[in-house]
Amino acid sequence: MSSESTMTLDLTFTARDLANIRFAVSPLGEAVASVRVVKNPAAHPLLRPWAEEVRRRLAGVDWGLLSDLVPVPTIAIAGFTCTPPSTSLPDLEVELATMRAAAARVRSDLDAVRAPRTGRIAALYDDPGRGLERLADEVAAYWEAAIAPYWPRIRALLEGEILYRARQLAEGGARRMLADLDETVAWRDGTLEVSNRYASGPRSLRGLGLLLVPCVFAWPRVLSVTTPPYQPTVRYPPRGIATLWERRTPEPPEALAAVLGRTRAHLLAELDRPASTRDLALRAGLSEPGANQHLTALRRAGLCTAHRTGRYVMYARTEIAEALLGHLDETPTPRSNSR
């Protein structure tokens with residue numbers, strides 16, 4: 001079979017599974033998936049600007065065991081490296097604590113993915129407890145160099161993605177939301193069909209439902225976990241990944257700035273995707289209290305909405321604001337008829 005051939009993994013849902021669908025963000029999952037990009041940036045053109053920057057930052061960082069556990073091409077990754085998160089917005093420290101506690105799973109997970117028993121992986125296999133301590137330390141160092149500088153904007157994109165999917169679920173139910181996850185995913189007769197290169201056939205969700213984890217560094221693939229004892233999980237690329245590396249300052253229409261004031265018009269223009277108060281304050285050069293004051297005024301005017309996602313409040317433009325911005329963008333500036 002050629003490397004371009006694809007197979008289909010069929011995730012079958014019961015009514016209980018549909019009732020147990022949930023979303024989560026995983027800092028550890030992003031870090032582990034990003035290793036593939038650093039090692040082979042040519043295969044990830046949308047993420048290449050990030051890879052080119054962080055490869056310099058990683059000079060001198062010890063991440064050899066982490067690298068060994070994420071081979072390229074990546075057929076499978078041992079489950080203990082990034083277990084599905086148990087909460088919707090875990091901190092990296094929480095996920096690393098879960099990793100450190102997974103010593104009992106190390107050998108069976110390495111056997112399942114047929115990891116080579118050589119070098120650093122052999123040492124991990126022989127002494128899982130000590131090996132996991134080393135791995136967790138490596139991930140923390142890798143995170144600080146490669147992910148932490150970008151995490152606020154990545155997190156905002158992921159949280160905005162979850163808000164978007166929640167809207168889909170509310171408006172069209174699970175069928176609409178699942179069918180729209182990715183072009184490699186299809187929903188047919190109670191089954192989620194996931195196209196991939198390495199796994200195929202039916203998989204029961206075991207009544208546990210499905211955990212959906214938007215993951216920037218999964219692009220362009222959809223990554224899945226279906227084997228016990230882990231929560232069945234699909235990691236999929238969120239919308240708008242290419243915008244993460246853009247350095248732009250959207251300019252609001254002059255007519256809107258004249259009515260709302262330039263600061264509030266600028267904040268509304270920045271909400272081309274949902275964002276938190278902190279993220280908007282950084283982008284607009286405001287203090288968080290100042291940004292919150294302006295956002296509250298926009299919300300009261302019906303131009304944006306506020307939704308709590310874990311510890312953060314995410315703001316999004318309303319349909320009225322979208323229509324207003326679209327109309328003003330298309331309206332030509334009147335010319336003077338003075339003689």
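This passage describes the sheets, helix contacts, loops and backbone features of a predicted model.

In this predicted model, local features require a pLDDT of at least 70 and side-chain atom pairs count only at pLDDT 80 or more, whereas totals for chains, interfaces and linings use all residues. Residues are numbered from 1 along each chain as its sequence is written, and side-chain values use heavy atoms, with hydrogens and water left out. The average pLDDT (the predictor's confidence in each residue, from 0 to 100) is 88 for the chain, and 92% of the residues score at least 70. Over residues 330–339 the pLDDT falls below 50, and in the model this stretch has zero contacts (heavy atoms within 4.5 Å) beyond near neighbours in sequence.

Helices (DSSP runs of H or I, at least four residues) and strands (DSSP runs of E, at least two) are numbered from the N terminus. Strands are taken to pair if DSSP finds at least two bridges between them. One open sheet consists of four strands in the order β3-β4-β1-β5, and its pairing is mixed. Strands β3 and β5 (201–204) each have a single partner strand and stand at the edges, so one side of each is left without a neighbour in the sheet. From one strand to the next, the twist averages 25 degrees; axes are lines fitted to C-alpha atoms, for helices over the stretch in contact, and angles between N-to-C directions run from 0 to 180 degrees.

Within this sheet, four bridges connect β3 and strand β4 (residues 191–196) in the antiparallel sense, and Val185 has Val194 in β4 as its bridge partner. The side chains of β3 alternate: Val185 and Trp187 point to one face and are buried, while Ala186 and Arg188 point to the other and are not. Here buried denotes a relative accessible area under 20%, exposed over 50%, and partly exposed in between (1.4 Å probe, protein chains only). The hairpin of β3 and β4 has two residues between the strands, and Asp189 in this hairpin takes a positive phi near 50 degrees. Asp189 is exposed, its relative accessible area being 81%.

A second open sheet is built from four strands in the order β2-β6-β8-β7, also with mixed pairing. Its edge strands, β2 (22–23) and β7 (223–225), each pair on one side only. Strand β6 (residues 211–214) and strand β8 (residues 233–236) run parallel and are joined by four bridges; Leu211 stands opposite Thr233 in β8.

Helix α9 (residues 151–179) lies across strands of both sheets. It crosses β2, β6 and β8, running at about 140 degrees to β6, and also lies across β3 and β4, at about 145 degrees to β3. Asp180 is placed in the loop between α9 and β3 (185–188). This residue is partly exposed, with a relative accessible area of 37%. Apart from its neighbours within four places in sequence, Asp180 is in contact with Tyr164, Arg165 and Gln168. The C-alpha atoms of Asp180 and Arg165 are separated by 9.1 Å, the two residues being 15 apart along the chain.

Two helix pairs were also examined. The axes of helix α2 (residues 27–39) and helix α3 (residues 48–57) cross at roughly 90 degrees and come within 9 Å. The two helices are therefore roughly perpendicular to each other, a class covering 65 to 115 degrees; angles under 35 count as roughly parallel, over 145 as roughly antiparallel and the rest as oblique. In this contact, Ser34, Val37 and Val38 of α2 meet Trp50, Ala51, Val54 and Arg55 of α3. The residues involved divide into five nonpolar, one polar and one charged, where Ala, Val, Leu, Ile, Met, Phe, Trp, Tyr, Cys and Pro count as nonpolar, Asp, Glu, Lys and Arg as charged, and the others, Gly among them, as polar. Helix α7 (residues 119–126) and helix α8 (residues 128–147) pack at an angle of about 130 degrees, with axes 5 Å apart, and are therefore oblique to each other.

Further backbone features occur in loops. The peptide bond from Val72 to Pro73 is cis, with omega near 0 degrees, and Pro73 lies in the loop between α4 (64–69) and α5 (92–100). Pro228 and Pro229 are likewise joined by a cis peptide bond, with omega about 5 degrees; Pro229 belongs to the loop between β7 and β8.
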